[in-house]
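Q: Could you take a close look at one part of this model for me, the sheet, and then work outwards to whatever packs around that part?

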Amino acid sequence: MIRIIKSNFNQKVVDGLLNGCLLALKEKNIKDENINISEVPGAFEIPFTIKNILSNDNISTQAIITLGCVIKGETDHYNFISQAVTNSIMDLTLTSKIPILFGVLTCQSAQLAYDRSGVDMKKNKGYEVGQAAIKMAKLI
């Protein structure tokens with residue numbers, strides 16, 4: 001089972017990441033019934049959801065993929081959220097027995113986020129993290 005945690009904030013960008021991720025998984029013959037998608041309000045809620053999955057996993061999760069997007073605005077909020085999410089996911093990754101893939105964009109502008117979540121799979125970070133999840137799951 002591949003678990004995907006998807007933030008609903010900056011939905012257009014994250015939906016693009018999800019589309020890329022699902023394409024990468026399907027190219028490696030991962031069937032829909034082996035993919036579980038959990039939606040959370042924003043990137044800040046992703047680490048809590050990872051911790052919950054790791055604590056209560058009664059199915060055989062092979063990898064957890066995180067998808068979200070934080071775009072710099074006019075306040076310091078971007079810095080606090082980006083750092084908190086990144087550090088929390090890293091902490092969970094270091095103690096997890098299964099791979100946790102970081103697919104949370106932290107972009108200086110909306111255009112950079114769109115560039116990394118669009119239909120060009122060579123640039124789509126969701127596609128990239130989907131491919132990485134397959135490789136990491138094979139290591140276990």
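A: Sure, and keep in mind that this is a predicted model. Let's start with strand 3 and strand 4, which run parallel and are joined by eight bridges. Among the residues involved, C69 has L105 in strand 4 as its bridge partner.

Zoom out a little and you get the whole sheet: four strands, open, in the order 2-1-3-4, with parallel pairing. Strand 2 and strand 4 sit at the edges with a single partner strand each, so one side of each has no neighbour in the sheet. On average, neighbouring strands are turned by 15° against each other, ignoring direction.

Now for the helices. Helix 1 (residues 11–27) packs on the sheet and touches strand 1, strand 2, strand 3 and strand 4, with its direction at about 155° to that of strand 3. Helix 5 (residues 125–139) lies across strand 3 and strand 4, and runs at about 165° to strand 4.

Helix 2 (residues 46–56) is worth a slower look. Its I46, P47, T49, I50 and I53 are buried. Looking down the axis of helix 2, you'd find the buried residues within an arc of 160°, so they line one face of the helix. That fits a general rule: an α-helix has 3.6 residues a turn, so residues three or four places apart point the same way. Over on the other side of helix 2, F48, K51, S55 and N56 are exposed. As for what the buried residues of helix 2 pack against, that's strand 1 (2–7), strand 2 (35–40), strand 3 (63–71) and strand 4 (100–107), plus helix 3 (77–95).

Technical notes. Residues are numbered from 1 along each chain as its sequence is written. This is a predicted model: local features need pLDDT of at least 70, side-chain atom pairs count only at pLDDT 80 or more; totals for chains, interfaces and linings use all residues. Side-chain values use heavy atoms; hydrogens and water are left out. Buried means under 20% relative accessible area, exposed over 50%, partly exposed in between (1.4 Å probe, protein chains only). Helices (H or I, at least four residues) and strands (E, at least two) are DSSP runs, numbered from the N terminus. The arc is that of the directions from the helix axis to the C-beta atoms. Contact means heavy atoms within 4.5 Å. Two strands pair if DSSP finds at least two bridges between them. Axes are lines fitted to C-alpha atoms, for helices over the stretch in contact, and angles run from 0 to 180 degrees between N-to-C directions.
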